[in-house]
Amino acid sequence: MLHHVVLRLLEICGDVVVVLSPDAPEPTMPAGAPVRFARDAAAGEGPLAGTLAGLLAVRTERALVAGGDMPDLQGPVLSELLRVANATPVDAVALREGDRVRPLPCVLRMPVARDAARALMDGGGRRLRDLLEALRVSAIDEATWRALDPEARTLIDVDEPGDLDDLHG
């Protein structure tokens, strides 16, 4: 499943960072995929800690952030996130679904997002949503991104093995 995410991100980004738990073995990546690995500072600290670990490894002005459990990211939606991030003076761009802003996928601007994530972690924050709430966010309205992904496949995440069965069944 991680291969699907990595390959989709590589279609959009030249540099992909995969965040692993401190003691996890490095997974095999698709042949020739220029993937770098970062590690959580400590196990079990939550999604904000994983995001911070990735942000600390980012070498670009912006980071496109997605979960390794999001096997059906749609390239046009990811491209739209980046287009909006390049066109607006905000710290983050995310997708609006109904009346809420989804934390993943999103685009974060460095170094403000990295600094905010570090401050939130120092204050006990652990949710990725906390980071978006701390930043100036532009949310792409649902009608816009759904025109690019009518079935909302970009938002699918696989938390349990049955979720993957549901995706293919």
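Which residues is Val93 in contact with, leaving aside its neighbours within four places in sequence? I began my notes on this predicted model with that question, and I found Val93 in contact with Leu81, Val84, Ala85, Cys106, Val107, Ser138 and Ile140.

**Entry 1, the cores.** I then looked up the largest nonpolar core, which has 28 residues, and I noted that Leu64, Leu81 and Val93 are those with the most contacts inside it. The elements that give two or more residues to this core are α1, β1, α3 and β4, the last of these covering residues 92–97. Of these, α3 gives the most, with six residues. I also found a second, separate core of 20 residues, and I wrote down Met110, Ala116, Ala117 and Leu128 as being among them. For background I added that nonpolar side chains tend to be buried together in soluble globular proteins.

**Entry 2, helix α1.** I turned next to α1, which runs over residues 2–12 and in which Val5, Val6 and Leu9 are buried. Seen down the axis of α1, the buried residues fall within an arc of 95 degrees, so they line one face of the helix. On the face turned away from that buried side I found the exposed residues His4 and Glu11. I looked up what covers the buried residues of α1, and the cover includes β1 (16–20), β2 (35–39), β3 (62–65) and α3 (75–87).

**Entry 3, the loop between α6 and α7.** I went on to Asp149, which lies in the loop between α6 (142–148) and α7 (161–168). Asp149 is buried yet has no salt bridge, and the nearest side chain of opposite charge, that of Arg153, is 6.1 Å away. The side chain of Asp149 does, however, reach the backbone nitrogen of Thr154 at 2.7 Å. Not counting residues up to four places away in sequence, I found that Asp149 touches Gln74, Val77 and Thr154. In the loop between α6 and α7 I also looked up Ala152, whose phi is near 55 degrees, a positive value in a residue other than glycine. Ala152 has 10% relative accessibility and therefore counts as buried, the cut-off being under 20%.

**Entry 4, cis peptide bonds.** I closed with two prolines. The peptide bond from Leu104 to Pro105 is cis, with omega near -10 degrees, and Pro105 has its place in strand β5, residues 100–109. The peptide bond from Met110 to Pro111 is cis, with omega near -10 degrees, and I located Pro111 in the loop between β5 and α4 (112–122).

Definitions and conventions: Residues are numbered from 1 along each chain as its sequence is written. This is a predicted model: local features need pLDDT of at least 70, side-chain atom pairs count only at pLDDT 80 or more; totals for chains, interfaces and linings use all residues. Side-chain values use heavy atoms; hydrogens and water are left out. Buried means under 20% relative accessible area, exposed over 50%, partly exposed in between (1.4 Å probe, protein chains only). Helices (H or I, at least four residues) and strands (E, at least two) are DSSP runs, numbered from the N terminus. The arc is that of the directions from the helix axis to the C-beta atoms. Contact means heavy atoms within 4.5 Å. Lys and Arg count as positive and Asp and Glu as negative; His and the chain ends are not counted. A salt bridge is a side-chain nitrogen of Lys or Arg within 4 Å of a carboxyl oxygen of Asp or Glu. A polar contact is a pair of N or O atoms within 3.5 Å; within protein, one must be able to donate a hydrogen and the other to accept it, and residues adjacent in sequence count only if both atoms are side-chain atoms. A nonpolar core is a set of buried Ala, Val, Leu, Ile, Met, Phe, Trp, Tyr and Cys residues joined through side-chain atoms within 4.5 Å.
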